[in-house]
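The paragraphs that follow are meant to be read with the structure open beside them. They begin at a single residue and move outward from there.

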Amino acid sequence: MAPKFLRELIPRREKRAASGSVVVAFKTLSWVQWVQFWSGWLAWTCDAIDFFAVSLTVNLLAKQFNQSTTSITTAITLTLLFRPAGAIIFGILSDRFGRKWPLVFNLLLCCVFELATGFVNTFPQFLGVRAIFGIAMGGIWGLSSASALENLPVELRGIGSGVLQEGYAPNTDGGSFSGLHRASASLLHVIRMIVPESAFFLRAKEQERARGTNTSQKTKTFIKETKAMLKRHWLLCIYAVLLMTGFNFLSHGSQDLYPTFLEDSKSFSTHDATVATIIGNCGAVAGGAIAGTVSQYIGRRLTIVIFILLVGAFIPLWVLPTSFSALSAGAFCIQVGVQGAWGVIPIQLAEMSPPAFRATFPGVAYQIGNMISAASAQIEATGAANLRTTIIKDGVPTSEPNYATVQAIFIGVVSAFVAIITIIGPENHGSHFENHKTAFEDGGGRDDAVADNASQTSYREVNSEKNSA
C-alpha cells in the first residue's frame, strides 16, 4: 500500500470545492470582505515594492556607492536576515490583539524606514537602514495573509491565496525608493483604519468581555496556549521552516539577480532588463491566480508539484536564448511555474497552521525560510564570478560571470527539493480555521477548540441547511 502522504495527495471529494460553489460564494461577499481582502493584498504589495527597490537596481546602486555587485547584494541578505524578528513581533501582536492595529502600526514603520532610505549618503548607512527595514518588512506577510484569507468563504480561499501572493508583482519601478510606497502605504493606512476588525476577533473579544476577562488574564492565557501549541506542534514547525526555505530559495534564486544576468550576460540595457522583468511578473500573476484556483479542486500539494515540474521544464528557455523575445518568454514561463507554486502557499500554510496562530506560525515559518535563503543572491553572484564565460560585446570577446549556468543548476536543485518536501508534508484542505478559538481563549492552543457562535460558514454548509429546511 502507498504511504499515507501519497494516498492523500488528492483531497477527499467532500473537501473539494463543489461545482458552481465558487461563483455562488463570490456573489455572497460583502463589501467589508472585499475591502479586508484587498487591504491585505495592498499591504503585501507595499512590502514587495520596498524589497524589489534594491534587487531591480543592483547595478545602479553599485555605481552610486562605488561597490561590487556582490557587495550590493549584502543589502538584500541583511534585509532577509532581520525579517524573522518582525514576523515574531507582529505575528504575536496580531494573534493576541487582532489583525487591524498591528498591521497599521507595521505599515507606519515601513513608511518611516522608507523615508530614511532616501537620506542615506554612505554604503554603511544604506546597509544599516536596510537591515532595520527588514524587521518592519518581516511582519507584513503573516498579518496581510491572515487578514485576507480568514474573512473569505472557504470556497474562495484557493483563488484568494493565489491573487494575494502575487501582490508582490506590480512593483517593477525599481528606480524609486519612496514615492510609490509612500502613496500606497498612506492610502492603505486610511483604508485599514476604516475597515472593521476580522469577525473572528470581534466574536472572541465580545465573548471575553461577557465573561469579564481583563487584558492581563487574556495575555496570561495567550502565553499558556502558545506554550501548549509549541509543545504539540514542534515537528510541524520544523517542517514548515524547511518548506519555506525551499520556496524562498526558489523565489529569490529566480528573481533577485535575473535583471543583472540580462544586463551583464545578455548585454541588455537597463530598460530592456526591466521590461523583461515586468513580463516575468505578468507570468507570476497568471500562475498564482491559476494555481490558487486549481488547488481548490485537486488539492494544495498536488498543485504545487505540478507547477514545480513546469519550472524544471522551462529552465532552458529561461537562460539559454540570446534574443529579447525568447528570454522574455522564458521569464514569463518560469515565473508561471515558480509563482504558481507560491500562489498556493498562503492557504497551504494557513490550513496547516495551528488554527489560533495563523499570523505567527505562517509568518515566522515564511521569514525564517527567507533568512536561511538570504544568501541566494550572493551564492549566485559568487558562483557566477568563479564560473566565468566568454561573450561577445561590441565585437570583442569579453570574460563575464556565468550567471546562466549557475542559475540553471541552482533552480534545478531547489525545484527538486521543493517537490519532495511538498509531497511528504501534511495537508488540511478546506479547513474551517475561522471557527476556531483565538489564542487568548482557554483551549485556543488545541486543534479541536471550536469557538461558540463561529463567525462564518461555507457556502456548502449554508446550502445544506437550506435544503434540509
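Leaving aside its neighbours within four places in sequence, Ser 415 is in contact with Leu 250, Ile 308 and Val 311. The model in which these contacts appear is a predicted one, and Ser 415 itself is found there in helix α19. Is Ser 415 buried or exposed? Its relative accessibility is 5%, and because buried means under 20%, Ser 415 counts as buried.

Two of the partners of Ser 415, Ile 308 and Val 311, lead to helix α14, which runs over residues 300–319. Both are listed among the buried residues of α14, a list that also includes Phe 307, Ile 315 and Trp 318. The general geometry of a helix is useful when reading such a list: an α-helix has 3.6 residues a turn, so residues three or four places apart point the same way. Helix α14 has 20 residues and reaches 29 Å from its first C-alpha to its last, which is close to the 28 Å expected at 1.5 Å a residue. There is nevertheless a kink of about 40° in α14, which lies at Ala 313, shortly before the proline Pro 316.

The remaining partner of Ser 415, Leu 250, belongs by its number to helix α11, which spans residues 215–255. Helix α11 also supplies the largest share, four residues, of a nonpolar patch. This surface patch, of about 510 Å², is made by Trp 234, Leu 235, Ile 238, Leu 242 and Phe 417. Phe 417 has its place in helix α19, residues 403–423, the helix in which Ser 415 is also found. Whereas Ser 415 counts as buried, Phe 417 is partly exposed, with a relative accessible area of 36%.

Elsewhere in the chain, Thr 398 has its place in strand β2, residues 396–401, and is partly exposed at a relative accessible area of 23%. Not counting residues up to four places away in sequence, Thr 398 touches Thr 389, Thr 390, Ile 391 and Lys 393. Its C-alpha atom is separated by 10.0 Å from that of Ser 265, although the two residues are 133 residues apart along the chain. A comparable pairing concerns Leu 202 and Gly 98, which are 104 residues apart in sequence and 8.5 Å apart in space, C-alpha to C-alpha. Leu 202 is found in helix α10, residues 199–211, and at 37% relative accessibility it counts as partly exposed.

Two loop residues deserve a look for their backbone angles. Asn 66, in the loop between α4 and α5, has a phi near 55°, a positive value in a residue other than glycine, and it is exposed, with a relative accessible area of 69%. Ser 267, in the loop between α12 and α13, likewise has a positive phi, of about 60°, although it is not a glycine; Ser 267 is partly exposed, with a relative accessible area of 42%.

Finally, the chain can be viewed as a whole. It contains 20 helices and two strands, and buried residues make up 58% of its 469 residues. Among contacts between residues at least 6 apart in sequence, 83% join residues at least 24 apart. The protein chain exposes about 18300 Å², of which carbon and sulfur atoms supply 66%.

Terms used
Residues are numbered from 1 along each chain as its sequence is written. This is a predicted model: local features need pLDDT of at least 70, side-chain atom pairs count only at pLDDT 80 or more; totals for chains, interfaces and linings use all residues. Side-chain values use heavy atoms; hydrogens and water are left out. Buried means under 20% relative accessible area, exposed over 50%, partly exposed in between (1.4 Å probe, protein chains only). The expected span of a helix is 1.5 Å times one less than its number of residues. The bend at a residue is the angle between axes fitted to the seven residues ending there and the seven starting there. Patches are made of residues with over 30% relative accessible area and no salt bridge: like charges are joined within 9 Å, nonpolar side chains (Val, Leu, Ile, Met, Phe, Trp, Tyr) within 5 Å. Accessible areas come from the Shrake-Rupley method with a 1.4 Å probe; for residues, only the protein chains shown count as cover. A salt bridge is a side-chain nitrogen of Lys or Arg within 4 Å of a carboxyl oxygen of Asp or Glu. Contact means heavy atoms within 4.5 Å.
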